[in-house]
Structure formats: structure tokens, C-alpha cells
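Student: Could you take me on a close look at one part of this fold, and set it in the context of the whole chain? I would like to follow how the pieces pair and pack.

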There are 8 protein chains.
Amino acid sequence: MNAKEVEKLLTEVKKGETSVEKALEILKDFPYTDLGFARIDHHREMRTGYPEIIYCAGKSVEQVAEIFSVMAEKENNVIGSRANPEMYDAVKRITPDAVFYQMARIISLQKKKPAVPESLIAIITAGTSDMPVAEEAAITAELLGNNVLRIYDAGVAGIHRLVDKLPDIRKCRVVVVIAGMEGALASVVGGLVDKPVIAVPTSVGYGANFGGISALLAMLTSCSTGVTVVNIDNGFGAGFAASMINKMK
Amino acid sequence: MNAKEVEKLLTEVKKGETSVEKALEILKDFPYTDLGFARIDHHREMRTGYPEIIYCAGKSVEQVAEIFSVMAEKENNVIGSRANPEMYDAVKRITPDAVFYQMARIISLQKKKPAVPESLIAIITAGTSDMPVAEEAAITAELLGNNVLRIYDAGVAGIHRLVDKLPDIRKCRVVVVIAGMEGALASVVGGLVDKPVIAVPTSVGYGANFGGISALLAMLTSCSTGVTVVNIDNGFGAGFAASMINKMK
Amino acid sequence: MNAKEVEKLLTEVKKGETSVEKALEILKDFPYTDLGFARIDHHREMRTGYPEIIYCAGKSVEQVAEIFSVMAEKENNVIGSRANPEMYDAVKRITPDAVFYQMARIISLQKKKPAVPESLIAIITAGTSDMPVAEEAAITAELLGNNVLRIYDAGVAGIHRLVDKLPDIRKCRVVVVIAGMEGALASVVGGLVDKPVIAVPTSVGYGANFGGISALLAMLTSCSTGVTVVNIDNGFGAGFAASMINKMK
Amino acid sequence: MNAKEVEKLLTEVKKGETSVEKALEILKDFPYTDLGFARIDHHREMRTGYPEIIYCAGKSVEQVAEIFSVMAEKENNVIGSRANPEMYDAVKRITPDAVFYQMARIISLQKKKPAVPESLIAIITAGTSDMPVAEEAAITAELLGNNVLRIYDAGVAGIHRLVDKLPDIRKCRVVVVIAGMEGALASVVGGLVDKPVIAVPTSVGYGANFGGISALLAMLTSCSTGVTVVNIDNGFGAGFAASMINKMK
Amino acid sequence: MNAKEVEKLLTEVKKGETSVEKALEILKDFPYTDLGFARIDHHREMRTGYPEIIYCAGKSVEQVAEIFSVMAEKENNVIGSRANPEMYDAVKRITPDAVFYQMARIISLQKKKPAVPESLIAIITAGTSDMPVAEEAAITAELLGNNVLRIYDAGVAGIHRLVDKLPDIRKCRVVVVIAGMEGALASVVGGLVDKPVIAVPTSVGYGANFGGISALLAMLTSCSTGVTVVNIDNGFGAGFAASMINKMK
Amino acid sequence: MNAKEVEKLLTEVKKGETSVEKALEILKDFPYTDLGFARIDHHREMRTGYPEIIYCAGKSVEQVAEIFSVMAEKENNVIGSRANPEMYDAVKRITPDAVFYQMARIISLQKKKPAVPESLIAIITAGTSDMPVAEEAAITAELLGNNVLRIYDAGVAGIHRLVDKLPDIRKCRVVVVIAGMEGALASVVGGLVDKPVIAVPTSVGYGANFGGISALLAMLTSCSTGVTVVNIDNGFGAGFAASMINKMK
Amino acid sequence: MNAKEVEKLLTEVKKGETSVEKALEILKDFPYTDLGFARIDHHREMRTGYPEIIYCAGKSVEQVAEIFSVMAEKENNVIGSRANPEMYDAVKRITPDAVFYQMARIISLQKKKPAVPESLIAIITAGTSDMPVAEEAAITAELLGNNVLRIYDAGVAGIHRLVDKLPDIRKCRVVVVIAGMEGALASVVGGLVDKPVIAVPTSVGYGANFGGISALLAMLTSCSTGVTVVNIDNGFGAGFAASMINKMK
Amino acid sequence: MNAKEVEKLLTEVKKGETSVEKALEILKDFPYTDLGFARIDHHREMRTGYPEIIYCAGKSVEQVAEIFSVMAEKENNVIGSRANPEMYDAVKRITPDAVFYQMARIISLQKKKPAVPESLIAIITAGTSDMPVAEEAAITAELLGNNVLRIYDAGVAGIHRLVDKLPDIRKCRVVVVIAGMEGALASVVGGLVDKPVIAVPTSVGYGANFGGISALLAMLTSCSTGVTVVNIDNGFGAGFAASMINKMK
């Protein structure tokens, strides 16, 4: 319920077209309608191409399929993250337009094309094994309406691979750095590039990597300024935040 | 590209077989030339009002004072973070223009005023005890050339305090959320505001707070999109990253 | 009190120097008589419909089936938690009245209906993936003789979903909040509702969730008053404690 | 703003006493006024003796004193937890009625006496060193309007000390168990008493106690049903939750 | 067995239908009579020289002094562990016979000499810095009535220091091994000596020692058989357990 | 090389049958021969019924079978811990006398019967799920030549189950307490029984049990004296240490 | 040094004002020229037999096969670590010269034989279960051109097994010690041998081993000098570092 | 007891000057004399300039002074690590030649100058705050007889500071990298330099640095080959290990 509707209601009360009791009844649902404003805004955003996000992990194949079918009716864009092929098969049967990005584990349903700014998002990984997380970030950013520069396998053990690409990276508006093991790449990029860096620790590694803790702590304690961090293996979150910044006017 | 190739190129230049322009073009692609440029860019940035950052913790009073005096001569802006009153006393004796923000623990020396964009950075804390970290973020952002909207003590235990301020927060370009204990505020703000949220866990709390770990983990695993995280108590880092985003064109 | 003193007391009773009543009074204070009473009380409670609890995890299918068959003979109610379908098949063969709640992983054998108070227990989850834990709590509470209000998928990323339900929640006598990831929902509910809140962290999430630690720590350090916490994924414990409070006279 | 006020406003609009524009303006502030209802309720509760809670740790002496002086004017009851003698000295100078419970670290200002139910809260500690946390719980419960049964130093190393007191404990409506080291007391009490048990792990101990982690984990994984847990050393939280349950009708 | 049954029994005794002996026999099986016996046994042990143990840490000077004065009247032996000089001063004023072992942090009051077996307890430390923990173990064992062989500073970095003493160590009945840092000494001794080894990790070390965790984990995972472990820095517990084994008949 | 051989060598030197140089050469290899003395002692122990221990986990089926076949030839007793059925099948094919204790995961080859003392080892578990660890301890102790009193499922949630058995437990010479979850049983037994208690934390439980950490920390910080601890799930180590104490003369 | 300066230098070369040699000298100091040299050096090293390293874990079978085929064309030596049989099958199909070391999980392609120094690397394990890590270290060192002395199953529980081999170990130039569980072997070897010791903690063990943490912490806090540590189970890293030291001139 | 003494003893036996029994008696003490040979070797090393190492932390001022005075008499070199000024004052009173390196916390007594190889050890720090650890490493290496190249404050946030120094670093024989926070410098140096790198994590930082854990884990999981790690803040251990490698022939 938005301001105009309230105004209309008040006018009706004034004119006697709506009784005070009826208006009170309607307004009694209002308090949360306002937070509902947010919801309406949210709906509006969907109509303009902003997708609905579904975290598929921990949902059943049936639940995922059902959510997609509801969304498809509403002509919404949908991004289903952490999806598996079984989920996609079920979704596709109902909504044949759905697309599956296997490495990124994303099912996408795109009813309207979002506007795409000229500026780029750089997505850099330390190693080849970080690619699934990187693709999750990249596909997310692309589905949200961004162009992405992928630079994979540019870890600090061979720092020349990174340096070669610096001029391209510096032209981007925001940089996503994805690394497992010691996660040093975030600090190195943060020290070389004067752009917001979103660091994604990955669980790539073994032993004292502890499922990504080594990279996570390293990125949080980075001596480089302008580095912020998301959860371990959270390519989706990094792609989403990078898109927010890149699409900023 | 190795020494022999460079020698060959120089010889060709000498002989006139290769023009100076062509040689320069080739040397410009010399992979690591970039890095040298970076240093120059860096210096350039300083001259244009971008401050030098000094992490004062773990440095002696003498070291801090000396660094400020060198910077003062170079007409650079300087931000000394995690400084204490003794450091300020020593700095002030040499560079009387230096200013101390006690709660923020920042010594500032500002030789040139940075440009300030119209858009605001919102800095929100869950409790009063988070104020030192918030002030570190706010003063950092202000010294870097930003206007800041401070909203302190708006934790989720009394969520109406936050909701009252939502319209103001939504007008800001980027939001810094600072909370200790369970750090829930970051998720709540992230769910209500469609702006990049930089979350700062603080060490405020006791017991299972473990010096900020509870808030840190909560923020990293936030179910709200668009939330990125910096180190525990790292107000400086949040202020710096927020400024990068806010000053983006 | 030692054997000799008891002997002396018995002799006095025999001689009529001490009355039976007096001796009983003394022996009633016999420190550990109490414990014996407890066992009797316990038995009595079973007869009145209070179920026997069996933690099935780590027991063999045969052991679980045998325990149920013994209980069935004693006309006791039984709740078998953390059970799997194989266990249920074996139980059902012997005690065909047994019921299996698959999502809740509970096998129930109900010989007598417990009394049910009018007041409700609210069970709220942050996400759909928290449902198995929520159902464990809900079924446990129902089997113990309570009416349950289920509110699922009301996490703080879309706080309006929670706010819509506040009037209903406030009518309940005790609230169980179940959330994984950052577990912020417990604090938000605790801040909005003036009722005891039992928070259940779940292992839903990945990375810095560390199998439920992020939600656990967040709930323990909640800034909202009236929040107590049970083990990660411990829906049974929450349902049991909520029942204790709800059935209080 | 409550329902009656909205009704009044609507009636004024109907009568033309208030313009639609003016009403819209007022209602625009409404959404958060509703959550403000909570605030008003909250105020009402204060008038009926429900105290305002102040977490003094991390606040300056001046801040604490100022908050008390504001509350004193409003004739509210106030509980200041984790306070120190310096804070109390400052508070007392302004509000001489304030009382300091040193071991409990609580400053109390009680303008109205809360109603006290007949039922008791039992507060049991494992050792003498747990007394500060126990007193925090006990004083909190008493200030909120409860009678408390204190049983201190009844740890499982000498379990007869606990058993002696069982009859008294069983008469209470809710039990708070406070223990450091291995925290076994919570499980033992939970196994002997058919009442809600709120367990408070304390940081009493050394080495593998890790500041209370051993007791915390033990209490969370208790094999006894009906045990819920609060943060390490959180006597206040336990006293508050116990009061909620004890005062339940 | 409940009150009515006891009453019935008492009546039978009174009537002469049951003999005192028979009734006593029945009451002796009274399940928890045992526990009461334990208390009596305990008292008996005290009379025979078994000391009362007081954990002084976390108690006030006054509390410690008072406990000692009560014990002194009862002619009990007392061991006060983790005591400080202030506590001793207060104790001495009231009970001048009390003795203070400063390095061991023990106040002792010995009214009766315990019997001392011929067999020895070996107490071995890896380094000089482990001596306070070792002395706590040694003094505890001596006060409980044991002869102790002290071998200090025999760490594995210079394993010959240990090997020199092997013949003496092998003559002891039980071995206490005390080590910080990597705690390897416990495994080495356990591999060389065919006696029960009680390992005490100490907090000696820095960095990845984490306050004794490195030694604790090492001792728990020792590849040598016959090694059991007590808490970090728990010299008292090791001395007590070693005494139990050494005094075994 | 043993004392007799050295004596023989010296006699040969004296007689001139061996040159000084030759003897020196032989003795140069002597240092490790002495530790070899230990080895010879070790062999002697084997001849008297002391088994060779093999940790089978992490060894291949072939390796395990080969070790058993070598031992069988030497007429040694062997205990193979953490073995699986495949290993047993392979062992049995070569050494048909080998016995497999499935729940205890032990393969035993017993060529000589060890002497068995009259005193008993009590092995107590908190729950049924702790039985595999308990059986590992019990079978180990029995194979080493001890009689074992098994008391399973006597956890503190129903403490009367333990108290009923106290008289039997008190007759044992050493007590092994095995518990998962909060591990409180070790403290309770340690407080009731004046015998050495070897506590075995198990990984039974979920959530904040963290694979046995909750029980481990609880046991290490036990407030009861005389409790020592072995590694999580280390039934073998507990059985071995208990045997050492029980067989002590 | 910036583009203009380089242009000026080139112009001077062209004009003959600066000799080619002089210009080369200047450009050689070009700060980041070094990095380029590194790449060239690196290539040179490959041509001389220094292998390319591929971390196969987390790469697809196809990716691994493709990398090997590219390398084979370049006549490079290649070491593929953490490889599995499927990867080897794919590699072999394309490059039949490739060799698979199954226990070491290494695929090797050796086009040129590296020079082998006379000095040895000792590789010592505590137990048989540490062998896969040890073989990874040994094969790595051998492929890099070293002779290796393998001493397996020499743990401190039977220290004579180590002492027997000391003379051989002392002849080696560098020692790799590989141990799980409590990792004490590193300290013992470090105390007995005056050579650099590279310690490799392994994940062998259970319970408080926590996947290798016990050994890792023990090795890091070793009281023996000259011990450095690599990641848990990182046989490759230890073999590589040992080779670096062994091949030093 | 050394080889000559044994030879003398054998000769005496041969001559009949010593009885076989007497010789056997003496040789019975021999086994550990041999490890005593090591001790004698050790003494020899001391005579050649190899210092005795004393870990002063956890020792009393008197103990430290006494050890130095004993060593001074034996004309040994001594390095006392982790010493404080009070210790030095006490040492100096007795042995006036002792020198104190305050930042390195080392007391040195140098009776003979060790030989110094031509090759250098590079010691690089990420920040100024790492200097105390670096000086501990540098002074240790120098006292052991090495020349050291100090490069301080060359962290990855400004990687050009490192690259400038690469030519010098590459000339060293072994590199010590010292860094706190995210410890990325070790990986970067390891990727750029083909020399053994000994990485020292420091406790410099705050929050998620957790006293050095972030840097420790990062260094252990470094993606660069040839990096080994010592304990947090263990400058002494790094200097010692680097010296071992640098002085290798």
C-alpha cells in the first residue's frame, strides 16, 4: 500500500464513500503494509528486471520447481543459486526458458533484460580450482546486468600473471578477488588497484586451510585498504555486491 | 622480455631501424612498467589531496612523530589511525596543525581539502559501546572527503529505533553497520535497504562473543544480500571502503 | 546418618521410645530418600501420559525396536527422536500403533492422550531449510500435549514476513525461534515479543557457518532479553522446554 | 499512536476538521509509530514497575549517570547491569535513591515495587566462585519482582550437597543452574527436577576451561531435557528469563 | 521405596513383626543409603589424615581464612590449592600451624601425618619454567603421604638428560610428566617406562602454544600407551591421581 | 645386547681372546643396544603374555595380515585395535586362531594366557551409543588379563541408574567412565568413588558436541579429584591404562 | 622511472648521446625488470631440468591431461601432485612417458635428468600410516634430483627404532620428519641431529588430533632448534624445500 | 664418557688392573654416557663458538644470572632469548662482558667469535611493527656467525617496496620473511625468489588476526613452494634455522 492509495482512502472517508470503521479496518493492516511498501518497491524492482533470489541448497527438488513456476507466472526474473542438475531438470520441465549454468550452480529465468552499465566488474582468481566460485560470481553479476572481465589463475606464486593484467583491471569499476589457500591475492590486488575490492575466500586447499579459514582470516586482516570480505565460497554474494556498486549512479 | 632483447631494441633505436615511439610502445608493454607507474600515480594522488595512511599501533611515539614531520614537509594529507594521546602530543610539538580525534583514535594532518560529493555515507551502530569504532569510520570517511550520517544505538533489541531512521538511511549511497554481540543489525539493515552495506563486527560483548567472533561470523553468514564485511573493530577500513564507493563517479 | 544411627532409631521404634511418625519424619530427611521418590514420581508421570524419551541415533534398529516393544507392554507413551525409516519399519512390525513423522525424524507411540492447555507455542523459522528442525520441535511439543503455531520462512532478510505475524506470535505463551546462518531472527523476535524465547541454532548454511556455530554464538550473545538457547539442530530440546513452560500452571 | 487515535483522525477527516493532506502527513509517520506502539506498551510496562535495562559495561561514567538521571525524572525503575563502584558514585550524586549491589554489579533505582508471585526461582551454583554471576541473576530476579531461593556451592564433586536440597528445589517454579569448569551440575539438576532449567556457564576455571567454553559446550549438549542455556557469565539474562517464566500466568 | 513403605516397615518393627536387624538390612539396600555412607566414609577418611581440599582461586581472602579456621577446629588436614601470599597471611593469623609452599601455591594445615608407602612417584618436567606446576604436583603428593622423585628440566631437546635418569624413573610406581610447548616428553617417557604416566600440559610457551593447547592435544594423542592426561597446569590433579595409584594396595 | 653379553665380552678381553680394538668396535654399537635392553625386556614381557599392540587403522589389509603372521610365528600375543572385518578375514586365513571382537573392533591372537588379578576394573558408560568405545576398553583390559565389570547406560539424566550400582563400583580397583555429549558422568562418578577414574570422552552427540570436544573439555576441567582423561573415543588407551593400574602390585 | 624518462633515454640512444650499454645498464635497474628476468630465469630453469609443478587436486581430468600435453611439447619436466589414477590414465593416453607413483599421488614426466648431489635427504616417519605423505616427499625430492634415505615407522613410542638409525641420519644434509598424532618425533629428531629439520604434521590419528592440528601445533612449538614446519600432509612442500637446501652449493 | 675412556677401561681389564665386575659396573652406566657423547660433541661445538641457548622467559632473574655465570666460567658463548632488562642487569653484575640487544630481547655473552660465511641471510618484514621479531632473528643469526641483510617495512600493500629490493634479496642464500596480519608477504617472496624461505608469522594486528593465527595459517597454506614456517613471533627459531642453512657447506 503506497502513499497514493492512503490519500485515496482518506479522500473517500472525507467524501463519506468509505466509513471510518472500514478505513480503520484497512489501516489496521497498514503498519506492516509499510514495510510492505518495501515489498511493493521490491515488486517494482522485479518488474524492472531485478531478479528474485532463491537459495536452492536445502530445498527439495519439488520446492525449487514450484517456486520457479510461481515466479514464471509473475513474469519475474529469477536466480536460483546453489542448484544442482536434478533441480534444473524439474524446473525445466515446467519453465522451459530456464537456463542452467553448471559450474556456477545457477538456474536462471530471465523474463526481462536488465540495463547494463558500460563499466566492468573484474573477477580474478588465484587458481583454476577457484573457478566454480568465480563463475558463480560472474554469472550472478551478468544476470543482474553487468559486463564482467574474467582473469583466472593469477595467484601470487607467479605474480607476473597478475601484473600483466593490471592495466585491464584498473579500468574496471570494482574488483572481485577469489582465492583459497593463503588468500594473499586480495592483499596484493588491493595494494595495486585503487578500486573497491570484494574478497571471496574459497575452501580450496587442505590441512591448515581448514575449509577456507586460512583465506578468510587473511582477507579480513588484509593490510591493503578498500578490501571487504564475504563468506567462504560465496561467489553469489560477491557478484551481487559488486553489481550494486557497479550499477551505482 | 630479457636483457638481450632490450639490448637489441636499443641497438635498433640507435641505428634508426626502430623509431623512439615504436620502442617506447614496446617498452610500455614491458610487463612490470605498470608497477612503477603505480608508484607515480600514488604520488600524484597524494598531491591531489589523497592522504597517506599510517597505522600507529605498534609504532613508537618517536616513529609516529617522525613520519608526520616528513609528511608535513611534503605537504601531504596524513591519517594516523589507532593513535594514542602520547603520540599526538609528540606529533603536535612538530606539526602544530595536526588534529586529534580522541574517540576515533585518529591523528589527522590536512594540508589540502579533498572534494566532497553530495551523497552521504550512513554509519549505524547497534549500541553506544560501538561508538569508538563508529567514530573511527566516520572521521576516516570525513577526512577522505565525505559527508556522514551518524545513527548510533539502533540495535535490533529495539528495532523501532532503526525503523524510524529508515527514510534517511535509504537516501545514503552506502551504509556502514557497526555491531558487536550477535551482530544481527547488519542482516536487518541489509534486508531493509537496497544499498551496499559494509558490516563491521566489534568486540563489544563478553563470553561467547569471543572478542568479536560472534558478530564476525554472523555478518559473514548474513542472509541479506549486498553485505560485505571487514575485520573486527576495523572502523578505519569500513570508512575507507565506504568512501571509495561514495566517491565513485 | 549411618547404619548405626538407623539401627538405634529402629530399636527406639521397637521399644516405643520413638513413635512411628517421628521416625518416619526423621527418615524422610534421609538425604537420598528424595532420589528414590523421584524414580517413583517418574513412573507415576509415565502412567499419566508423560512419554518415555528415546534418543535413537547411535542405537541399532534392533535396540530401538526392542525398547518400543517393552514400552508398548507397559502402556507408556514413547517418543523416539532422531529415528530413521528403517527403525520405524522394525518398530511398526512389533507395535503397529507406532507413527512416524518423517521430516521430524520422530517415531511416536501414544497410549494415552496428554492434556492440552489452551495457550499456544509459536515456532518460527528463518528459512525453509530450517523446517526439519522446526518439525522436530513442533511434533515433540504436540506429542507432549500442546497446540503449536507454525510460522516458517520469516527470516530477517525480509523482515516484513515476520512483522505481519507479530500479533499472532504475541498471543502465544512461549516462542521457539529456529535459524541457521547468522541466526539474527532470535534477537529480532526477542526484541519484539515480551515472551520467553527459546532459540535453536541450525547447521543451515556454509563456510563461516561452521556447522551452526555462527548462529549458536549469535543467539548466545543476543542483545535481546529473555532469549535462552539449546544445542545446534536440537528441535527436540526446544520443543520439550517450550512444553514445560507452556504447560506450567 | 494507537487505534483510537487513528479512529479519531479519520473522524476528523470525515468531518473536515482535518485536511486529507494533513492526515496523510500524520499517517506518513505512522508505519514506525506502530512499532512505536510497542514502545508505548513498553512505557506502560514501565509505569507498572517493569524496569528499564542499562548495560553499563562499555559506557562512560558520565553516560551512565546521565541515563539514570533521565530515568529518575520519568519515575521509571532502572536496572544497570555490569556497573562498577565509580559509576554508582556518579549515579548516587544525582539520584540518591539508587542502590548498588556490589557482588552482582547492579545499580538499581526502584520507583515502584513490582508485584511478586508466590512461586520461587531457585538459583544454584556449583562453587563459591560462581557467586558473582549467581548474585547478578538473583538480584535481577528480585528487582523484577520475584522471590529467590539461593543454593550456593552444591557442585557434583560432592553431590550430597545438592541432594539435601532437592525437596526445596522441586518446590520452585524454575531453576537457574550456574556452574563453571565442566558445568555438569546443569545436567544433574535437569535429570532430578521436572522444571525448566536455565543453565549459566561461568568462566570459573583455568586451562581447558577456555574462559567458560567447557561449561558452555557441556550445558548445550546436556543429556537432560528441559535445559536451556544463556551466554557465559550472563547472570542477568538468566535472572530475566527466569522471571519471565516465574511471573507467567 | 516410598514413605508409606518405610512407615509400614517401621510399624512392623514397632509391633515386633520385623526384627531390627531385618529392617536395617532392608534399609541398607535403600538405594541411596550408599551415598550417605560415602559421606560418613569421607568423614572417616578425614579423621585418618585424608585432607580436605580447598580451591582458593576465586575465593576471597576472608573466605579462605574462615574455611581454614573451621577445619582447624575439626582437627582435619587441609590443602588449599592456588593460594596466594595474602591468603596465607590471613590464614596464618588464625591458624599459625599453616604452612605456605610459595612456588606450589599451596597452603597446608597438617594435623595428622598420613601413612607413606615405600614406592615413589616420579615427577618429571621438560623445562625449568614448568617448575611451579611440578611443585604443585609434588607438594600435593607429599602432603597426601607419598615420597616424590623430582626430575626437572629433562625435555626432549636434550634427551640424554632424561635417559640418564631412566633407571631411577623405572623404580617409581607412577610417573607424572609435566611439559609445555609441544609436550613431547609425555610420549617419550610413555615409550620408555612401563608405568602409568599422568601427563600435565602446561601453558609454558607462546604463539601456537595457545596457552597450553599444543601440549594438551599432543598428550591426548600420544602414540605411547598408558598415558592419561589432566587439565592444563593442573599439578594438583596430577599429584592427587598419582597418590591414589601409588597408595593402592 | 644384555649385561651377560657385555660380561662375556669383558671376560674375553681379559683373557686376550678379543682385542681391545675389537671390543671397542663392538661397544661402539652399544649405546642403542642398551635402549635395546628395553627391547629385550619388551620381548621378555611378550613371552610372559604381554601382547604386541597393532594400530590397524591406516594400515592396509595386507600389512595387518603380514604383521599377525610374523607375530604368530613368534608365539606372541597380539592385539590389533581399530580393525575391520576385512582385516580379520585376511588375518584368519593365515592365523586361524585369531579372534575378532566386532563391536570393539579388535583382532586378538592369544598364544599364552596372562595372569589375572582378583581385583576388577569397572567400565561405565553414559549411554548405549557409547558401547563400541566401552567394548574396546573392556576387551582390551580382558585380553591384557583383567576381569571387567560392565555398567552401561548409566548417564546423569537418570542418576539413580548409577547410584544403584555404586556398591559394586566401589569394590573395583579402578574405574573407566565413558561418556559423550556433556560428559558429566566422569565428574559425578569421580565425586562418589574414591578410586582412580579414567575418563573417555566419546564423539556421541551432535552440534556443540563438535565430535567429542564438549565431553573432552568437561572431563579435563572436572571438579572431581582423581580423574584423568584419554583421547576422544580412545577405549583402547583407557583399557590399557586401567590394566596397568589394576595389575599393579 | 616513467614513460617520459624512458622516451628521453631512447632518444639519447638514438642520438648517440648515450651508449647502448649504458642504456641497458639503466634499464636493468628498472625496478620491475627483475620480475621479468625471473620469468626468463624460470624458463631457463625448466630447460635445465627444473620441473613445472601442477597441483592436480581440484582440477578436472581433462585439465590435467591438457596441461601435461602442453608441457610435453615444450620438453619440460613436470610434477603433478595430488593426482589420482583417473588423471594418470588420461595423461598416459596423450603422453605415454608419464609415470604414476600411486602412494605418492604424483604423475611425473621427466624429459631431462636433473643433476643429483652426493648428499642425502633423510625422510623419517613416526608410523606406517604416515607413508603416503612420506612417499610424496621422497618422490618429489627424487624427481627434483636428490638421493633419499627412507626411515619409516620410527615413532617415539619405541624410540630405540630411531636411535638405531641416528648415525645414518646424521650423515644426511637435511632431515624431513613426518608424524601425525602428537608429532613428538620432530622435537626428538631436532634434539638429536644438528641438521635443518623440516617437519610435516600428518592427519593420521583421531579425536583430539583434529585432522592434524595436534601434530601441527606440537611441531610449531617444538622446543628443539632448527625445526621448521609445512602444512598438514604437505609431503610435496617438504620434499621441495629439502631439495632446495640439499642442492645448495 | 668418551671412546678414549672406554678404550682405557678395556685396556685395564685386559691388564687385570680392573676386574670384569668393576668394568661391568662402570659400563652399566654407559648407555646414556653415549648419548653423553653427543653432549661431549656438544661441548666441543661450544668450544668452537657454537653458543649455549637459554630461553629466559619463565625463568627468574636469579636463575638467568646463575646460568650465565656458570657458562662464563666455562668460556662458552651464550644466547639468552626473550630476556628483559632486569635479567640483563643481574647478568651484567656478574659477567660484565654480556651485551643486551633490547629490541631483540637477547642477552649475549660471546667468548669466541664464530666463523662467518660470505653468503647473506635476508630478513624481510611486512611492517615496522614486526621489527622486534625481525631483530630477534637478525641478532640470533649474527651471534651464530652470519651476515644479515635487513629489509624492513616491505609489505604487499605497497609491493614496489619489495620489488625494489629483489636483486639484493636474490643474492642471499636463505630468506626470512616476517609478517603479521594476513602474512601474504611470505607467498609473494616465495613466488619471486628461488631460495629457501623461512616464514615467521607475527602477532601484529587485531581482531581476526587472533594473536597471529591469520598469518600463521596463511603461511602454512602458502601457494608458493620452498616456504617453511616457524611459531608465531619466533624470530629466534627463524634466525637459528636460517643460520643452519647459510653455514651449510
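Tutor: Happy to! Let's start with the contacts across the chain, bearing in mind that the model is predicted. Among the contacts in chain A with a separation of 6 or more, 68% link residues 24 or more positions apart. Burial gives another view of the chain: 61% of the 249 residues of chain A count as buried. The area that chain A exposes is about 9,200 Å², and carbon and sulfur atoms supply 52% of that area. As for secondary structure, chain A holds 11 helices and nine strands.

Now for the part to zoom in on, an open sheet. Four strands of chain A build this sheet, in the order β1-β2-β4-β3, and their pairing is mixed. At the edges sit β1 (52–55) and β3 (99–101) of chain A, each of which pairs on one side only. Going from one strand to the next, the twist averages 20°.

Let's follow the edge strand β3(A) to its partner. Strand β4 of chain A covers residues 106–109, and three bridges join β4(A) to β3(A). The two strands run antiparallel. If you would like a residue pair to find on screen, look for A:Y101, which stands opposite A:I106 in β4(A).

Finally, add the helix that goes with these strands. Helix α6 of chain A, residues 131–143, lies across β2 (78–81), β3 and β4 of chain A. Against β4(A), helix α6(A) runs at about 10°.

Key: Residues numbered from 1 in each chain as written. Chains lettered and ligands numbered in written order. Predicted model: local features only at pLDDT ≥ 70, side-chain atom pairs only at ≥ 80, totals over all residues. Heavy atoms only, no water. Buried < 20%, exposed > 50% of the residue type's maximum accessible area, 1.4 Å probe, protein only. Contact = heavy atoms within 4.5 Å. Areas by Shrake-Rupley, 256 points an atom, 1.4 Å probe, with all protein chains shown as cover. Pairing = 2+ DSSP bridges. Axes fitted to C-alpha atoms, helices over the stretch in contact; angles between N-to-C directions.
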